[in-house]
Amino acid sequence: MKHVKCSGSPFEIGRQHGNSAKTEVHGSIAFYEAFFKERTKLSWPQVRDVARAFVPFLEMSYPDYLEEMKGVASGAAVDLESIIALNVRTEIAYGMLSDGCTAFAWKTSDESFIGQNWDWRIEQTPNIICLSIEQPPKPTIKMMTEGGLIGKIGLNSAGVGVTLNAIVALGVSYNKLPVHLALRRVLDSTSRQEAETALQQAGVAAASHITIADAATGACGLECSALDIVEMPMDPRGICTHSNHFVKEHKVQGSSFLPDSPFRLSRIQELLSGIEKPTMHNFTEMFKDEKNYPAAICRAVSEKSTIQTLFSIVMDLKQRTAKVKMGRPTEGGEVFELRL
């Protein structure tokens with residue numbers, strides 16, 4: 001796993017990211033160029049045109065993120081539009097990406113955990129990086145991301161963590177916060193409430209489910225479409241769960257692009273109900289579940305799909321640590337800790 005440490009101004013943070021992960025940034029562009037052509041019939045020049053449509057909103061509302069993406073482009077020696085395209089990849093596919101992930105959060109009186117299996121096409125494995133960002137006075141961030149993306153799954157020094165589930169629902173809004181930049185906005189926050197308020201005010205540009213948690217107050221889920229955001233609070237045990245379909249009613253119609261999404265949601269709820277005490281070990285074992293294989297929580301490649309679990313992450317927000325396991329949780333793969 002390539003670990004990239006960045007600090008300084010937004011542009012300098014991006015430049016260090018792009019320079020240190022140049023191979024992974026170029027790999028991500030190549031992967032998504034092929035993906036978008038297959039999925040949306042858009043050529044890469046057309047993809048860059050779509051990305052360009054987000055620039056006015058970013059210039060006006062999130063200039064620091066645009067500066068950081070300019071830095072990534074400079075460091076990796078690519079054009080800015082290609083980096084924006086990576087960061088609005090969900091929107092370019094109009095909310096129709098096939099990430100198949102299962103996520104949870106659990107808050108007790110003295111513990112706060114959040115985690116997920118991240119399932120995506122195995123071809124993107126070489127372009128995953130661990131990105132650390134020091135950006136005072138904002139919190140320090142550690143996230144698992146793809147080369148070139150400035151926001152994804154992780155935690156910060158304020159004890160805030162975030163996970164993502166993709167959802168199919170047509171529609172994209174060019175004057176709202178793209179999904180992966182919404183994840184970054186969460187990681188720039190000092191509390192769950194700050195992050196939740198920021199996303200409710202900005203809106204999210206495409207369909208997704210974002211779980212936000214902190215050490216003090218636990219979690220909430222935000223089920224998003226291009227038109228609305230519906231909050232999903234913790235259950236009586238302090239638990240939030242989600243997979244890849246709309247659970248709540250929305251202004252747009254959603255669908256379950258992976259037929260196993262309802263199964264995985266009910267399965268993780270079943271597994272959590274059998275856990276008496278939330279611990280890092282219990283959750284890492286839970287992510288190994290292979291019921292309904294290959295379309296299980298621990299997903300494997302099948303004849304019809306190259307999607308599998310590329311990494312799992314469990315975050316202990318009280319301790320400001322996370323355990324990351326690369327590859328399928330049941331198989332060999334690098335294991336390391338993120339610590340803030």
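Me: How do I read the way helix H5 and helix H8 pack, and at what angle do their axes cross?
Reply: Two packed helices are described by the angle between their axes and by the distance between those axes. In this predicted model, the axes of H5 (residues 63–76) and H8 come within 12 Å and cross at roughly 110°. Angles from 65 to 115 degrees count as roughly perpendicular, so that is how H5 stands to H8. The crossing of the two helices is right-handed.

Me: Which residues of H5 and H8 make the contact?
Reply: On the H5 side, look for Tyr-65, Glu-68 and Met-69. They meet Leu-181, Arg-184 and Arg-185 of H8.

Me: And how many of the residues of H8 are buried?
Reply: Nine of its nine residues are buried, so the helix counts as mostly covered. Charged side chains are no exception here: Arg-184 and Arg-185 are on the buried list, along with Val-179, His-180, Leu-181, Ala-182, Leu-183, Val-186 and Leu-187.

Me: Let's move to helix H9. Which of its residues are buried?
Reply: In H9 (residues 192–202), the buried ones are Arg-192, Ala-195, Glu-196, Ala-198, Leu-199 and Ala-202. Looking down the helix axis, you find these residues within an arc of 160°, so they line one face of H9.

Me: What covers the buried residues of H9?
Reply: The cover includes helix H8 (179–187), and also strands S7 (160–166), S9 (208–214), S10 (218–224) and S11 (229–233). While you are there, check Gly-203 just after H9, which takes a positive phi of about 80°.

Me: Now the sheets. In what order do the six strands of the open sheet stand?
Reply: Strands of a sheet pair through backbone hydrogen bonds, either parallel or antiparallel. Here the order is S12-S2-S3-S14-S15-S16, with antiparallel pairing. Strands S12 (239–242) and S16 (335–339) are at the edges with a single partner strand each, so one side of each has no neighbour in the sheet. On average, neighbouring strands of this sheet are turned by 15° against each other, direction ignored.

Me: How many bridges does strand S14 make with S15?
Reply: S14 (residues 307–316) pairs with S15 over six bridges, in the antiparallel sense. One register point to find is Asp-316, whose bridge partner in S15 is Thr-321. The two strands form a hairpin with four residues between them, and Arg-320 in that turn has a positive phi of about 60°.

Me: What about the other neighbour: how many bridges join S15 to S16?
Reply: Five bridges join S15 (residues 321–326) to S16, and these two run antiparallel. For the register here, start from Ala-322 and look across to its bridge partner Leu-338 in S16. S15 itself is mostly covered, with five of its six residues buried.

Me: One last residue: is Ile-297 buried or exposed?
Reply: Buried means a relative accessible area under 20%. Ile-297 has a value of 0%, so it is buried. This residue lies in the loop between helix H11 (280–286) and S14.

Me: Which residues does Ile-297 touch?
Reply: Leaving out residues up to four places away in sequence, the partners include Thr-102, Asn-117, Asp-119, Arg-264, Ile-268, Leu-271, Phe-287 and Thr-309. As for distance along the chain and in space, Ile-297 and Asp-260 are 37 residues apart in sequence and 9.3 Å apart, C-alpha to C-alpha.

Technical notes. Residues numbered from 1 in each chain as written. Predicted model: local features only at pLDDT ≥ 70, side-chain atom pairs only at ≥ 80, totals over all residues. Heavy atoms only, no water. Pairing = 2+ DSSP bridges. Axes fitted to C-alpha atoms, helices over the stretch in contact; angles between N-to-C directions. Buried < 20%, exposed > 50% of the residue type's maximum accessible area, 1.4 Å probe, protein only. Arc of directions from axis to C-beta. Contact = heavy atoms within 4.5 Å. Parallel < 35°, antiparallel > 145°, perpendicular 65-115°, else oblique. Left-handed = near helix turned anticlockwise from the far one by under 90°.
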